Amino acid sequence: MAKQAVIKVSGKKINETVVQFLKLILEKGLVEALLIPRALPTGDGFVQTLIRNITNLNNVTIFSPTMPVQSARILSNLSIKNLNKKVAVVLKPCEIRGVIELTKFLQIKLENLYLIGIDCPGTFEVSDYANMVKEGKNWGELELELIKSMEKGDVFSPMGYHFRDACQMCEYPVAKADIMIKLFGYHVEDEIGIEIEDRLEVEFEKNGITLQEAGEPSYRKEVVNKIISQRTNKRDKVFKEFKERVKDLQSFLDLFSTCIRCHNCMVACPICYCKECVFRTAIFEHEGDQFLRWADRKGSIRMPTDTLIFHLIRMAHMVTSCVGCGLCESACPSHLPVTALFRTVGHKIQQMFQYVPGRDINEVPPVATFKEDELKIESGAL
Amino acid sequence: MAEFEPRIVAFLCHWCTYTGADLAGTTRQQYPPNIRIIHLMCSGAVDSIYILKALIDGADGVLIGGCHPGDCHYQTGNYKARRRIAILKGILNQMGFTEDRIWLRWISASEGKLFADTVTQMVEELKKMGPNPMRTLWNA
């Protein structure tokens with residue numbers, strides 16, 4: 001059974017309290033390093049940072065208001081070749097779901113990683129946060145407002161800035177991890193919740209790390225459910241709007257006409273799992289004559305070519321496992337509504353196989369398995 | 001004006017449907033000549049990219065032929081093809097490409113007649129749909 005506890009907060013130092021706890025894990029040698037977001041020296045952003053030396057724990061935060069990269073990608077780099085020491089990593093729920101999916105595709109090795117998941121109110125676009133700072137918002141102040149808003153699950157939009165679209169429609173505000181840091185429903189100025197999974201509980205006992213056991217506050221469930229239902233409503237609205245906009249091939253092409261085929265969505269995506277992308281191989285380096293033949297048949301062709309096939313094939317590969325983190329859209333220089341596309345299409349395809357990406361490490365991704373008795377020709381699915 | 005003649009690109013597995021197509025020929029089954037066959041070892045070898053490439057480059061329909069479920073020469077290739085194609089078709093449907101231009105059919109080596117009937121039926125359906133719009137769209 002997982003152990004349910006609280007950490008007492010003194011003097012409104014919420015982040016510091018959790019960081020102290022993480023420091024203890026490092027000091028006691030449970031882990032050799034810690035991956036955690038850290039403020040940039042410029043003060044207008046945060047990046048994931050791998051910390052070995054505890055004196056480097058200054059300016060780190062567990063509540064990073066931005067998510068410049070999907071840490072599932074970072075953990076793939078970190079763990080896939082010879083990671084022989086334990087590392088604890090602080091992640092948002094969508095990052096953990098990405099980690100679970102990439103583990104299934106054998107691109108992350110979890111054995112030496114301890115996942116620390118944190119309740120997520122949402123994240124801002126990197127540029128929005130930088131603008132807030134420019135407009136005079138100070139992080140200490142914003143941090144406190146952000147965390148306090150989580151107690152009752154209030155909508156948070158400082159200075160008229162909103163969370164990223166993907167966050168506004170994310171139905172997974174709570175992470176499932178080895179260590180779960182809980183804020184929704186907690187009176188964070190006094191205490192925050194923490195839950196330790198079995199494999200770590202033993203380690204904690206061995207190293208003499210004790211926690212004050214305490215159940216969750218009664219209204220935490222209510223708060224979490226409220227957030228989930230708000231976001232589900234938003235999600236359904238986005239689905240509906242997208243379907244109204246994309247009715248046929250022509251409307252899709254119109255919507256995506258500004259795609260510059262930069263492949264940023266692919267680079268940012270935690271799920272895009274091919275080691276060598278077919279769109280970056282010689283298969284798509286056409287001969288000059290080929291372009292002319294296409295142009296000859298159609299009268300004229302859009303350049304660069306192959307945008308439609310790129311999006312469709314990328315979807316065919318990743319949409320069953322799309323965790324909806326929306327970093328594809330954050331990375332898109334043309335501001336295409338790729339989150340809405342992948343969420344709308346993904347939802348239907350995932351339902352086809354009753355699959356929820358990131359739900360359970362033991363569920364096999366739909367593309368990697370089959371059932372003998374399914375998808376009959378008569379059903380019209382084929 | 002001449003009647004629209006659809007072009008079908010067919011990906012047929014070596015062990016069942018290709019042999020079935022062969023049988024259709026040797027037994028002199030009649031079927032329309034609108035099909036161009038590409039011979040693969042297994043329906044499981046059909047990547048979604050082949051199907052889309054054919055459609056985007058102007059094929060009016062794509063037929064994928066494999067062994068009946070349970071009969072795959074490689075045990076499970078056709079089951080995997082089935083999921084892959086269901087996912088691809090699901091994606092296209094969600095995006096409003098509702099016309100049914102992709103067909104996956106199980107046709108064994110002994111079903112020459114079924115092969116001829118399938119092609120005949122597919123050609124009829126595609127004639128009703130008309131030409132594939134991707135053939136002429138400049139920005140597809």
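**Exercise 1. Fold pattern of chain B**

Task: State the order in which helices and strands follow one another along chain B in this predicted model.

Solution. Step 1: chain B has four helices and four strands. Step 2: read along the sequence, these elements run β-α-β-α-β-α-β-α. Step 3: the radius of gyration of chain B is 15 Å, close to the 14 Å that the globule rule gives for 140 residues, so chain B is as compact as a globular protein of that length. Step 4: along its principal axes, the C-alpha trace of chain B spans about 40 × 35 × 20 Å.

**Exercise 2. Packing and surface of chain B**

Task: Find what share of the residues in chain B is buried, and what share of its contacts joins residues at least 24 apart.

Solution. Step 1: of the 140 residues in chain B, 55% are buried. Step 2: take the contacts in chain B between residues at least 6 apart in sequence; 79% of these join residues at least 24 apart. Step 3: turning to the surface, the accessible area of chain B is about 6,000 Å², and carbon and sulfur atoms hold 54% of that area. Step 4: chain B carries 15 positive and 13 negative charges, and the mean positions of the two sets are 4 Å apart.

**Exercise 3. The disulfide**

Task: Locate the disulfide of the structure and say which parts of chain B the link ties together.

Solution. Step 1: a search over all chains finds one disulfide. Step 2: the partners are B:Cys16 and B:Cys67, with sulfur atoms 2.4 Å apart. Step 3: the link of B:Cys16 and B:Cys67 has 100° about the S-S bond and is right-handed. Step 4: B:Cys16 lies in the loop between β1 (8-13) and α1 (17-26), and B:Cys67 in the loop between β3 (61-66) and α3 (77-94), so the pair ties together parts of chain B that are 51 residues apart in sequence. Step 5: B:Cys16 counts as buried because its relative accessibility is 9%, and B:Cys67 counts as buried at 4%.

**Exercise 4. Cysteines of chain A outside a disulfide**

Task: For A:Cys259 and A:Cys272, give the distance to the nearest cysteine sulfur.

Solution. Step 1: A:Cys259 is in no disulfide, and the nearest cysteine sulfur, that of A:Cys262, is 6.6 Å away. Step 2: A:Cys259 has 7% relative accessibility and so counts as buried. Step 3: A:Cys272 is likewise in no disulfide; the nearest cysteine sulfur belongs to A:Cys269, 4.8 Å away. Step 4: the cut-off for a disulfide is 2.5 Å between sulfur atoms. Step 5: at 18% relative accessibility, A:Cys272 counts as buried.

Methods:
Residues numbered from 1 in each chain as written. Chains lettered and ligands numbered in written order. Predicted model: local features only at pLDDT ≥ 70, side-chain atom pairs only at ≥ 80, totals over all residues. Heavy atoms only, no water. Helix = DSSP H or I, 4+ residues; strand = E, 2+ residues; numbered from the N terminus. Rg over C-alpha atoms; globule rule 2.2 N^0.38 Å. Buried < 20%, exposed > 50% of the residue type's maximum accessible area, 1.4 Å probe, protein only. Contact = heavy atoms within 4.5 Å. Areas by Shrake-Rupley, 256 points an atom, 1.4 Å probe, with all protein chains shown as cover. Lys, Arg positive; Asp, Glu negative; His and termini not counted. Charge placed at Lys NZ, Arg CZ, Asp CG, Glu CD.
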